[in-house]
Amino acid sequence: MTSFINLTLGVALAASMLLLSFKMGHARFMNVRRSELIVVLFAVISRGSDAQQPIPSPQARQEQNRQAITPIGAMTTARFDQIFGDLMNREHVPGLAVAVARNGIVDWDKAYGRADLETGASATSRTLFRIGSITKAITAVAILQLADRGKIDLDASVDQYVPAFPRKRFPVTLAGLLSGTSGIRGYAGDEYRSNHHYASLAASLEMFRDDSLAYEPGTSYLETPFGFTLLGLSLQAVTGVSYEEYLSRSVFAPAHMIDTKVDVPAQMVRRRAHMYTRDSSGTVHQADAIDPSYKVPAGGLLSTARDVAHFGAALIGGALLSPRSYGRMSRPVHLQNGSDLPLGMGVALGNAGGRLLGSADAIWATGLQQGGTAVLLMYPHDRIVVAVLMNMNGESGADGFGLLKRAAVAAESAAVQLRQIQGDKKQ
């Protein structure tokens, strides 16, 4: 009965508009073609009819998504145990956590090994690990959100938002900072091991603010934490809130990330994993003490595998960015010499120059720092996400990326298993 009333009201309203257009005699109405009025009529009717369709709650949508995927069975979980158990045993990893998401739902996660070798505390799904440069992908999302809302201009020079950063020989744009082509220098000397606590991001500018650009923007790529420090300061300038507060409200909440937080080593943090490193002989040691306060937007977050998988699912599922901004984030970096790099804004794409595996449609975010190795693998087409976090970084004095590459292999092996499940269901 309600649908009939709304339909009748819609027709009556459209008819009234038609009658009004003739009575008023105004040129704007007199020039309306009959076909346009018919469109208006059907639009009103459609809106009235659509209003009767119930909007599913977030819980209902999640349940619909669950029903659309085949449950992960015992054989697949056993295969996961083998993949990640082998990785831990071969690489002497103290503790590891993994989570997978399909169709926007994190439907499997598990922790292995120890969060703390000294006390014997087990790693759990709530254990907090350092996620390193996966933080850059999170920061990139935050900046692109602000661009979506017209609050920040990616093509503007960063000194427009951070006046304390002096103008350089060439303009340093926010887009250049996001893509790693800004010319900002990388680590120098022992900066990577810095254990100095900076009271604010603004205070950490002293590390690089007066240095010349390493190259002309747009001519090369250099992975650097300092460009993301400038992005974090830009975010704070336009929002009027701290970096962490903005993330909590605009990234963590919509992505259902309940445990992620800034890593402050001096604070007591419940469930934070103890940090380890491994030397070239395979011996595991405590990781060097560092303080990431100078690079929070680049590598200063703690998180769980479940939260990281939630982030990946929200990113490729459209819950965090507009299609335009997501497209820009996942578009290959283009250099002035005409070449394209397998890198986006805060993420790597496809094979990423051999460092990571994956088919052409893969999107990666990875982290490697003292006491932590992290991999986030996303397959947008299949809507598959795999997150792997460990409380150990790669071999000191040997192949620094070795453990990261092997963790990426494990993540991709897990994704292959998930693709197989989906393929079986389609058949």
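Visitor: Why is the reach of helix H9 (residues 243-255) called close to the expected one?

Guide: H9 has 13 residues, and 17 Å separate its first C-alpha from its last. The expected span is 1.5 Å times one less than the number of residues, which for H9 comes to 18 Å. The 17 Å is therefore set against 18 Å and called close. The model is predicted: local features need pLDDT of at least 70 and side-chain atom pairs count only at pLDDT 80 or more, while totals for chains, interfaces and linings use all residues. Residues are numbered from 1 along each chain as its sequence is written, and side-chain values use heavy atoms, leaving out hydrogens and water.

Visitor: What makes H9 a helix, and where is its kink centred?

Guide: Helices are DSSP runs of H or I with at least four residues, strands are runs of E with at least two, and both are numbered from the N terminus. With 13 residues, H9 meets the helix minimum. Its kink is centred on Arg 249 and amounts to about 30°, the bend being the angle between axes fitted to the seven residues ending there and the seven starting there. His 256 follows H9, with a positive phi near 60°.

Visitor: Why is Thr 229 called buried?

Guide: Buried means under 20% relative accessible area (exposed is over 50%, partly exposed in between; 1.4 Å probe, protein chains only). Thr 229, in helix H8, has 0%, so the term applies. In H9, the buried residues include Tyr 243, Leu 247 and Phe 252, and their cover includes H6, H8 and H11. Of the 427 residues in the protein chain, 49% are buried.

Visitor: Which residues does Thr 229 contact beyond its neighbours within four places in sequence?

Guide: Contact means heavy atoms within 4.5 Å. Thr 229 is in contact with Leu 201, Ser 204, Phe 208, Tyr 294, Lys 295 and Pro 297.

Visitor: What makes S3 and S11 edge strands?

Guide: Two strands pair if DSSP finds at least two bridges between them. The open sheet has seven strands, ordered S3-S2-S1-S14-S13-S12-S11, with antiparallel pairing. S3 (121-122) and S11 (348-349) each pair on one side only, hence the name.

Visitor: Why do S11 and S12 count as paired?

Guide: Two bridges join S11 to S12 (residues 363-369), so the minimum of at least two is met. In S12, Ile 363 is the bridge partner of Leu 349.
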